[in-house]
Amino acid sequence: MAEVQLSIKNLHKSYDRLDVLKGVDLDVHKGEVVVLLGPSGCGKSTLLRCINGLETINEGTITLDGEVISGKSQAEMSKYRQKIGMVFQSYDLFPHKNIIDNITMAPRKVQGRDRVSAEKEARDLLARVGLLDKEKAFPRMLSGGQKQRVAIVRALEMHPEMMLFDEVTAALDPEMVREVLDVMLELAGQGLTMLIVTHEMAFARAIADRIIFMDGGHIVEQSDPETFFTHPKTDRAKEFLENFEFVARKRKNDSV
Amino acid sequence: MLVLAIDAAREPAISILFRGNNFVRLLGGLWVTIRISMISAVLSIPLGILFGIFMMRKNPAAKAVSRVYLDFIRIMPQLVLLFIVYFGTTRAFGINLSGELSAIIVFVLWGTAEMGDLVRGALSSIPKHQYESAAALGMTPMEINIYVIIPQTLRRLIPLAINLITRMIKTTSLIVLIGVVEVLKTGQQIIDANRFAFPTAALPIYGVIFFLYFFTCWPISLLAKYLEKRWKN
Ligand SMILES: Nc1ncnc2c1ncn2[C@@H]1O[C@H](COP(=O)(O)OP(=O)(O)OP(=O)(O)O)[C@@H](O)[C@H]1O
Ligand SMILES: [Mg+2]
């Protein structure tokens, strides 16, 4: 197996008195696509946010490429965040900049890349996600699905070693979900290390090398997607999957 | 003498403007108005920015202090503030402030409070996600402020700040009452001095003053509207 890229040991995180993560251990290998599943409020977003230092952790260590990245100051953290791309659920493009400037801002200001080459790369990436004609548009002129594709491109342009996706399609209209998931599938095919939180079960099954199931602040179960979706080991995972089946069946009935 | 006065009375009242240096005097008065407004604005804007940032602090004492200051300035009519500073300081401390200086003090106190509230509003209208997505791209807190937060804050703020300046210009008309000879007072002086020669001078003089105010404030608010529209997103 490939080398370990991200290693999380005994991670604890609480907000005030609420313990959200109660000792999470997780290794992610280079090029691996890990999908995090779990009921709402179990701490999936919190885990992703701890990894790139948007939340300070209470205990444990996070290591990226053998270097400890937890417990750093915000200024120090910015160095590691360049290696970890993140896309959020809410559309979070910079509204005062057009699409190409959104994409090239951080490479130019943070990595000191020159405008011409940054813009050339941005155009290549935009072409790959089918948005080349939008380079001069402003975020307000884009649909939700288009904004999320730009957000992915913006993160990729930093040449991250791994990407974190937190329910990037959850706020989208159903007809726009596919275009964003397709981009992620393509990235997974190229060997980018990815840690994905999603509620799209079919997508999880298709993209994941490994499924992590979290509940109550712990990793309860992990396995390859086939095993997880066909023979979940724990009752909690079974229950979780049954709820989804119920939702899916209910949707089918509604549409009849 | 009598003949002369009758002669003058037959002239249309508007011609009073072109008598002697009357129009230039009005412009001089307008300059006093503009000077006081501009000095106050130039001082209020940076102080207001600092005050706005101060208001964003979570510290309860900082919150209480800024709340009291803002409410006090807002509740007090500006005229009362002008009287307190102009007459009050003389009584209380024996300091004799000129009318113009008192006016600037009051307008800076008022402008700082209003500007601070605008800054606070603009800053808190920037969603948390803007900070986080910039941070996730590896920007340092300093870079986030320079490239993401401040540009967005300014776009919201500048049109509002410009409107505040026009409000200041209009409110300077109150400072007649603490003896500052600005455009309104100059107009009154001209009317008084020509009471017999031009008994109906009030209308043209105040009419001209109206246009002077209008043509001072109108371009400014057009600019504010233009910027607001351009930066809307
Ligand atoms: N900033 C915060 N302050 C206090 N509590 C928080 C904060 N952020 C999250 N929480 C709480 O921590 C718990 C875990 O939240 P988290 O967002 O990580 O859940 P999640 O697994 O991502 O859920 P979902 O599937 O609904 O997105 C929840 O109970 C939530 O209310
Ligand atoms: Mg979440």
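**Ligand 1 and the pairing of chains A and B**

A polar side-chain atom of A:Thr46 lies 2.5 Å from an oxygen atom of ligand 1. Taken alone, ligand 1 exposes 640 Å², and the protein buries 60% of that area. The structure is a predicted model, with scores of ipTM 0.90 and pTM 0.82, and the points below take up the surroundings of ligand 1, then the interface of the two chains, and then the confidence in chain B.

**Around ligand 1**

- The elements that contribute two or more residues to the shell around ligand 1 are strand E2 (18–29) and helix H1 (44–51), both of chain A.
- The largest share of that shell, three residues, is supplied by H1(A).
- Among the residues around ligand 1 are A:Tyr15, A:Leu18 and A:Val20, the run from A:Ser40 through A:Gly41, A:Cys42, A:Gly43, A:Lys44 and A:Ser45 to A:Thr46, and also A:Glu167 and A:His199.
- By character, the residues of the shell divide into four nonpolar, six polar and two charged.
- In the side chain of A:Ser40, an N or O atom is placed 2.5 Å from an oxygen atom of ligand 1, while for A:Gly43 it is a backbone N or O atom that lies 2.9 Å from an oxygen atom of the ligand.

**Between chain A and chain B**

- In the model, 25 residues of chain A are in contact with 21 residues of chain B.
- The area buried between chain A and chain B is about 2000 Å², and carbon and sulfur atoms give 65% of it.
- On the chain A side, the residues that lose the most area to chain B are A:Phe94, A:His96 and A:Lys109, which together make up 27% of what that side buries.

**Confidence in chain B**

- Chain B averages a pLDDT of 88, and 95% of its residues score at least 70.
- Over residues 1–6 of chain B, however, pLDDT stays under 50, and the model has zero contacts for these residues beyond four places in sequence.
- Where pLDDT is low, the predicted coordinates should not be read in detail.

Key
Residues numbered from 1 in each chain as written. Chains lettered and ligands numbered in written order. Predicted model: local features only at pLDDT ≥ 70, side-chain atom pairs only at ≥ 80, totals over all residues. Heavy atoms only, no water. pLDDT = per-residue confidence, 0-100. Contact = heavy atoms within 4.5 Å. Near = heavy atom within 4 Å. Polar contact = N/O pair within 3.5 Å; in protein donor to acceptor, adjacent residues only side chain to side chain. Areas by Shrake-Rupley, 256 points an atom, 1.4 Å probe, with all protein chains shown as cover. Helix = DSSP H or I, 4+ residues; strand = E, 2+ residues; numbered from the N terminus. Nonpolar A, V, L, I, M, F, W, Y, C, P; charged D, E, K, R; others polar. Buried area = accessible area lost by both parts, 1.4 Å probe.
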